[in-house]
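Reader: I would like to see how each label on this model is earned. Take me through the values and the cut-offs behind them.

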Amino acid sequence: MRLRELTPEEKKVIVEKGTELPFTGHLLMNKEAGTYTCKRCGAPLFPSDAKFESGSGWPSFDDALPGAVAQTPDPDGQRTEISCKRCGAHLGHVFKGEGFTPKSARFCVNSVSMDFVAAPLLKKAWFAGGCFWGVEYYFDQLDGVLGAVSGYMGGSLDNPNYQQVRTGRTGHAETVEVTYDASKVSYETLARLFFEIHDPTQVDGQGPDLGTQYRSEVFYTDPTERTILENLTSQLKAKGLKVATHLTDAQGKKFYPAEDYHQDYYDHKGQQPSCHFKVKRF
Ligand SMILES: [Zn+2]
């Protein structure tokens, strides 16, 4: 997780839990399709189809993305504060039972706490390169990446847990799901980073971590991405590397987020990854 530098005005709301003046926010009237993200850490927070006109003067949503927003009783004893689950940034308050929409919730959010990414530009990519803690760490550092999540992909069992995947018998690879803004960072940049933060020549393992769950694999979504991956692996092969990375169509493959204690592992420890480091290969 990387936090953006805030302006004094943003700080007043996001850190000091202030409230922007009603009818002033830049996202109040926005009706575009896309995703509202945390101004400070970039985490996706609200889908545009949850936005509705409440007349309050602040952007209003009747739902948040799963697990994205924390709700805590306000010190005023009346209201419920909402904040970014990932970085704790203050967003606003949630009001229930007003009946504006069938969900009957109004997440009342300061515009200044959010950014907006238009729908066609918000994309996902999946990379498996050994222990997901390190892979997640490096993708989180990259400009244009809104979030990287550790999880499991490419196996046969539904809703696998860590204990099952670590046996190597479920077929899943420890995989990182990267959500990115394609107007800021390209798929090729992501793929290059992937090949430089793990050893793509190791078969069914990464460093001391051995087993198919630690294999090198990329799950692509379309032929363009596949071509980019093939070009990069050809470049590495031309340099004498015996690339063992599997290139797999993501169609029909489901990504399962790992347990909470695997997320942002190195950030929580305040450590640099010991399982992965960056090597210049291109
Ligand atoms: Zn945040």
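Author: This is a predicted model. Start with two strands. Strand S10 (residues 122–129) and strand S15 (residues 216–220) run antiparallel and are joined by four bridges.

Reader: What makes S10 and S15 a pair?

Author: Pairing takes at least two bridges between the strands. S10 and S15 have four bridges, so they pair. Within that ladder, phenylalanine 127 stands opposite valine 218 in S15.

Reader: Which sheet do these strands belong to, and in what order?

Author: An open sheet of six strands, ordered S16-S15-S10-S12-S11-S17. Its pairing is mixed.

Reader: Why are strand S16 (246–249) and strand S17 (256–257) called edge strands?

Author: Each of them pairs on one side only. At the S17 end, two bridges join S17 to S11, and the two strands run antiparallel. The cut-off is at least two bridges, so S11 and S17 pair. Glycine 151 has proline 257 in S17 as its bridge partner. On S12, S11 has eight bridges, again antiparallel. There, alanine 148 stands opposite valine 178.

Reader: What packs on this sheet?

Author: Helix H2 (residues 132–141) touches S10, strand S11 (145–153) and strand S12 (173–181). The direction of H2 makes about 165° with that of S11. Helix H5 (residues 223–238) touches S15 and S16. Its direction makes about 150° with that of S15.

Reader: How do you know that S11 is largely enclosed?

Author: By counting buried residues. A residue is buried when 20 or more other C-beta atoms lie within 10 Å of its own. Nine of the nine residues of S11 are buried, so the rest of the structure largely encloses this strand.

Reader: And what makes H2 largely enclosed?

Author: Nine of its ten residues are buried, so the same term applies to H2. The buried residues include Phe132, Trp133, Glu136 and Asp140. They pack against S10, S11, S12, H4 and helix H6 (265–269).

Reader: Which residues of helix H4 (residues 187–197) are buried, and what covers them?

Author: Leu190, Ala191, Leu193, Phe194, Phe195 and Ile197 are buried. Their cover includes S10, H2, S12, S15 and H5.

Reader: What is phenylalanine 127 in contact with, beyond its sequence neighbours?

Author: Leaving aside residues within four places in sequence, Val135, Thr175, Val176, Val178, Phe194 and Val218. Contact here means C-beta atoms within 7 Å. Valine 218 also stands opposite phenylalanine 127 across the S10 and S15 pairing.

Reader: Which residues touch the most other members of the largest nonpolar core?

Author: Leu45, Phe127, Phe139, Val176, Val178 and Phe194, in a core of 56 residues. Domain 1 (32–109) and domain 2 (119–269) each supply at least three residues to this core. In soluble globular proteins, nonpolar side chains tend to be buried together.

Reader: How do you know that the two domains touch, with their C-alpha centres 30 Å apart?

Author: Contact is judged residue by residue, with C-beta atoms within 7 Å. Seven residues of domain 1 are in contact with five residues of domain 2. Strand S1 (residues 34–38) gives the most to the domain 1 side, with three residues. The residues on that side divide into three nonpolar, four polar and no charged.

Reader: What about the other six-stranded sheet, the one with the order S3-S4-S8-S7-S6-S5?

Author: That sheet is open, and its pairing is antiparallel. Strand S3 (51–52) and strand S5 (69–73) are its edge strands, since each pairs on one side only.

Reader: Why do S3 and strand S4 (residues 60–61) count as paired?

Author: Two bridges join them. The cut-off is at least two, so the pair qualifies. Phenylalanine 52 stands opposite serine 60 in S4.

Reader: Why is lysine 85 called partly exposed?

Author: Buried needs 20 or more neighbours; exposed needs 12 or fewer. Lysine 85 has 18 C-beta neighbours inside 10 Å, so it is partly exposed. This lysine lies in the loop between strand S6 (80–84) and strand S7 (90–96). Leaving aside residues within four places in sequence, lysine 85 is in contact with Gly67, Ala68, Val69 and Ala70.

Conventions: Residues numbered from 1 in each chain as written. Predicted model: local features only at pLDDT ≥ 70, side-chain atom pairs only at ≥ 80, totals over all residues. Contact = placed C-beta atoms within 7 Å. Axes fitted to C-alpha atoms, helices over the stretch in contact; angles between N-to-C directions. Core = buried A, V, L, I, M, F, W, Y, C linked by C-beta atoms within 7 Å. Domains from an automatic or database assignment. Nonpolar A, V, L, I, M, F, W, Y, C, P; charged D, E, K, R; others polar.
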